[in-house]
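Open the model in your viewer and keep the selection panel at hand. Each stop below says what to pick and what is there.

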Amino acid sequence: MKTYLAIDLGGSFMKYALVTEEGTMPLKEKIKSPASVDDLVETVGQLCEKLSPVHAVAVSSPGAVTEEGIIKGSSALPYLHGPNIKNLLQKRAQLPVYIENDANCAAYAEVWKGAGTQVRNMLSIVIGTGIGGAIIKDGVLHRGNNLHGGEFGYMLLNTDHPGFNQTWSGLASTQALVRRFANAKHRDPADYTGEDVFRLADEHDQEAAAAVEQFYYYVAAGIYNLQYMYDPELITIGGGVSAREDLIAKVNEQLDRIMEALPLGKIKPSIAAFKFRQHSNLLGAVYHAIREQGEH
């Protein structure tokens, strides 16, 4: 059985795992994110040696990943953007390396082993400090002409005063949730995290409860728009917020509210939380690698 070294590059931590071609994960760990591209290359090389035998390296990365292995855009790891990361890793590891955008990897995990296994057309949404996502068409990832397929966070939900705070990311991310709550409390947003706001809402803090309800409304509004743009069978939701057991019920409540106000909208989106949550990117990176090997 083939075993892959899966890498998930994040701003604070780098997760890694051994993942089999059947989708099992016998080992998963995380370390502090490498501080430079040289540090990254050496770290991955040492992991390949330590965990040998490894068939290939599968990487989930922020940014727009080209077929050649260059990662465009920007992220919390600036050193990723510019050099050919794929070539550098392959040279050090002496193994095939496959890299895909992190939101695309998360969607692939759902297609392979999660909520989307029986679905042909699906959208995946990842909610964090911003909102990203992925588009699955006939079981295949749609990257888009500029590698921006699934960048749903750029949608304008309020066009009265166009700007970041009127985009879906600016209104429905966890960062927006924190900002809305902190403004109500006349506090600095840096004093809180999204987890803090949800906890305070659960404890019946009035401002927190209002901010959370507004958060769910904006999440639902974006999902409603996406349903009528693409008409998928399923929309999956990931990111830290997917750990909340009441997520789907709360979003559905707001979808009902929206559809009551818009009686012409008869198709209610079918939504589900990511099955693999914090491990989705690792699993999806391996599925991407398996697909790439089958196509070449």
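Select Gln254 first, in helix α8, which spans residues 247–261. This is a predicted model. Is Gln254 buried or exposed? Its relative accessible area is 7%, under the 20% cut-off, so Gln254 counts as buried.

Now show side chains. Gln254 and Arg257 are joined by a side-chain polar contact of 3.1 Å. Next, look beyond the sequence neighbours within four places. There Gln254 touches Glu213, Tyr216, Tyr217 and Ala220.

Select helix α7, residues 206–230, and keep α8 on screen. How do the axes of α7 and α8 cross? They come within 8 Å, at an angle of roughly 70°. That angle falls in the 65 to 115 degree range, so α7 is roughly perpendicular to α8. The crossing is right-handed.

Colour the contact residues of this helix pair:

- On α7, pick Glu213, Tyr216, Tyr217, Val219, Ala220, Ala221, Ile223, Tyr224 and Tyr228.
- On α8, pick Leu247, Lys250, Val251, Gln254, Leu255, Arg257, Ile258 and Met259.

Gln254 and Arg257, the two partners in the polar contact, both appear in the α8 set.

Turn to the sheet. In what order do its strands run? The order is β10-β9-β8-β11-β12. This sheet is open, has 5 strands and shows mixed pairing. Its edges are β10 (140–142) and β12 (271–273), each pairing on one side only. From one strand to the next, the twist averages 30°.

Zoom in on β8 (residues 122–127) and β9 (residues 131–137). These two strands pair in the antiparallel sense, over 6 bridges. Strands of a sheet pair through backbone hydrogen bonds. For one facing pair, select Ile125 and find Gly133 of β9 opposite.

Bring the helices back over the sheet. Which strands does α7 lie across? They are β8, β9, β11 (234–238) and β12. Helix α7 runs at about 155° to β8. Helix α8 lies across β11 and β12, and runs at about 155° to β12.

For the last stop, select Gly45 in helix α1, residues 37–50. Gly45 has a relative accessible area of 1%, so this residue is buried too. Finish with a distance label from Gly45 to Arg179. How far apart are they, in sequence and in space? The gap is 134 residues in sequence and 41 Å in space, C-alpha to C-alpha.

Methods: Residues numbered from 1 in each chain as written. Predicted model: local features only at pLDDT ≥ 70, side-chain atom pairs only at ≥ 80, totals over all residues. Heavy atoms only, no water. Helix = DSSP H or I, 4+ residues; strand = E, 2+ residues; numbered from the N terminus. Buried < 20%, exposed > 50% of the residue type's maximum accessible area, 1.4 Å probe, protein only. Polar contact = N/O pair within 3.5 Å; in protein donor to acceptor, adjacent residues only side chain to side chain. Contact = heavy atoms within 4.5 Å. Pairing = 2+ DSSP bridges. Axes fitted to C-alpha atoms, helices over the stretch in contact; angles between N-to-C directions. Parallel < 35°, antiparallel > 145°, perpendicular 65-115°, else oblique. Left-handed = near helix turned anticlockwise from the far one by under 90°.
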